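Trainee: Please take me inside this model for a close look at one part, the nonpolar core. I would also like to hear about the empty space left in the interior.

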Amino acid sequence: MSPRAGSAGPHTLAFVESPVQLLNVLEWAHLHALGAAEEPGGGLTLVVLSPNDPMSRGQLRRMAELARDEGHQVRWEEARGGPGAPFQTIGGLTPLLRRARRVVMGDPFSRYVQLLLTITRARDLVVVDDGTATMEFVAQLARGERLVRWHRKGGRPGARDLIFAPVSSSARRRLTPGGRRTVEVFSSMPVDEKPAGVTVTANDFAWTRARFGPPRITRGADMVGTSLVETGVVDGDHYLEAVRTLAKAHGATRYFAHRRESTDKLHRLAAETGLEIVRPDLPLELIARRGPVGRTILSFPSTVVHTLPLALAGTEVRVAVCDIDPAWLTEHASPRAQGFLSGVTGKARDVTRLSAVTAA
């Protein structure tokens with residue numbers, strides 16, 4: 001993969017930092033019938049602002065191959081490759097940003113993306129899903145609030161937050177429609193507070209269903225991991241006991257690890273629950289669609305309780321979500337954590353709700 005592919009100045013420039021963001025850009029391009037980058041005045045160039053963790057990088061490289069198969073150009077940036085990497089990345093991207101007519105982004109909370117938004121002259125901006133954070137982004141934009149990730153809201157801003165505040169404020173203004181500037185949110189998440197002037201387009205995972213499957217369905221159950229422990233929201237011991245209890249009750253045999261779950265935690269899960277730990281090489285929506293997949297998929301509140309029913313539409317797979325018991329939350333969890341997680345579960349469509357299991 002050439003790191004400098006797509007240097008001619010694309011009609012549409014997309015920035016992604018995770019495999020799920022890249023998947024949702026492909027879904028958005030499929031819905032809008034975006035042609036190959038070689039077509040005059042059209043096409044999509046994907047810029048991967050690569051993270052450091054190996055699992056995310058591996059999934060992103062696989063997703064980048066799929067993007068190229070669809071005729072899109074990919075530009076891989078080692079955006080976090082050292083102290084000078086951000087300056088080199090931003091400097092190299094500036095000409096593309098100046099010429100792009102439309103900018104697509106997966107994470108409006110990202111400081112990288114917010115900084116890039118101060119450079120672009122594009123009048124058409126698109127935000128594609130970055131999981132449940134999209135729900136919070138839309139709500140904050142509608143209320144005119146500063147952009148803060150849900151699990152950090154309520155805490156005191158740190159020194160870096162204060163230094164970056166002017167850039168964040170500028171990004172929020174850019175993401176507010178006005179004049180000839182348009183903003184589209186492409187999402188599979190429920191949107192309750194639609195910001196004035198923002199176009200909300202539903203993501204039904206049509207590209208995923210057309211490209212993969214239908215899957216072979218096994219008799220057992222699979223469990224989906226979450227990074228709530230790694231983000232400091234849920235206590236690790238409570239989480240492990242909840243996984244063990246849930247797996248035993250439903251006969252789960254496999255645990256699909258979230259790309260941000262720590263190796264130590266996964267080793268402990270395997271040793272104490274007997275679950276087979278699977279590290280997916282693609283986003284779970286594609287893994288499940290390819291199969292084999294359990295007849296029941298168990299999850300805690302997360303993005304997949306919204307996306308998997310769409311990706312698996314027309315199959316016999318049942319998605320079941322287990323509530324988070326307030327007793328599992330850490331003392332450092334945001335005051336909004338319980339309400340937000342309950343909302344994620346409560347607004348999910350076509351899922352079976354399970355009461356929070358008792359973690360001894």
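Mentor: This is a predicted model. Its largest nonpolar core has 49 residues. Leu22 and Leu46 have the most contacts inside this core. Helix α1, residues 19-31, gives the most to the core, with six residues. In soluble globular proteins, nonpolar side chains tend to be buried together.

Now look around Leu22. Leaving out residues up to four places away in sequence, Leu22 touches Val16, Leu46, Val48, Leu60, Met63, Ala64 and Ala67. Find Leu46 in that list. Leu46 shares with Leu22 the most contacts inside the core.

Another core lies apart from this one. That core has 31 residues, including Leu13, Leu93, Met105 and Phe109.

Next, the empty space. There are two cavities of 30 Å³ or more. The largest holds about 50 Å³ of space. Its lining is Asp222, Val224, Arg254, Phe256, Leu284, Ile287, Ala288, Pro292, Val293 and Ile297. Strands β8 (217-224), β9 (252-256) and β11 (293-299) each give two or more residues to this lining, as does helix α10 (284-290). The largest share, three residues, comes from α10. By class, eight lining residues are nonpolar, none is polar and two are charged.

The second largest cavity holds about 30 Å³. Gly106, Asp107, Pro108, Phe109, Asp130, Ala133, Thr134 and Phe137 line this cavity. Here the lining has four nonpolar, two polar and two charged residues. Phe109 links two parts of the picture: Phe109 belongs to the core of 31 residues, and Phe109 also lines the second largest cavity.

Conventions: Residues numbered from 1 in each chain as written. Predicted model: local features only at pLDDT ≥ 70, side-chain atom pairs only at ≥ 80, totals over all residues. Heavy atoms only, no water. 1 Å grid on protein atoms, 1.4 Å probe; cavity = no way out; pocket = protein on both sides within 12 Å on 5 of 7 lines; lining within 4 Å. Points joined across faces, edges and corners; volume = space filled by probe spheres on them. Helix = DSSP H or I, 4+ residues; strand = E, 2+ residues; numbered from the N terminus. Nonpolar A, V, L, I, M, F, W, Y, C, P; charged D, E, K, R; others polar. Core = buried A, V, L, I, M, F, W, Y, C linked by side-chain atoms within 4.5 Å. Buried < 20%, exposed > 50% of the residue type's maximum accessible area, 1.4 Å probe, protein only. Contact = heavy atoms within 4.5 Å.
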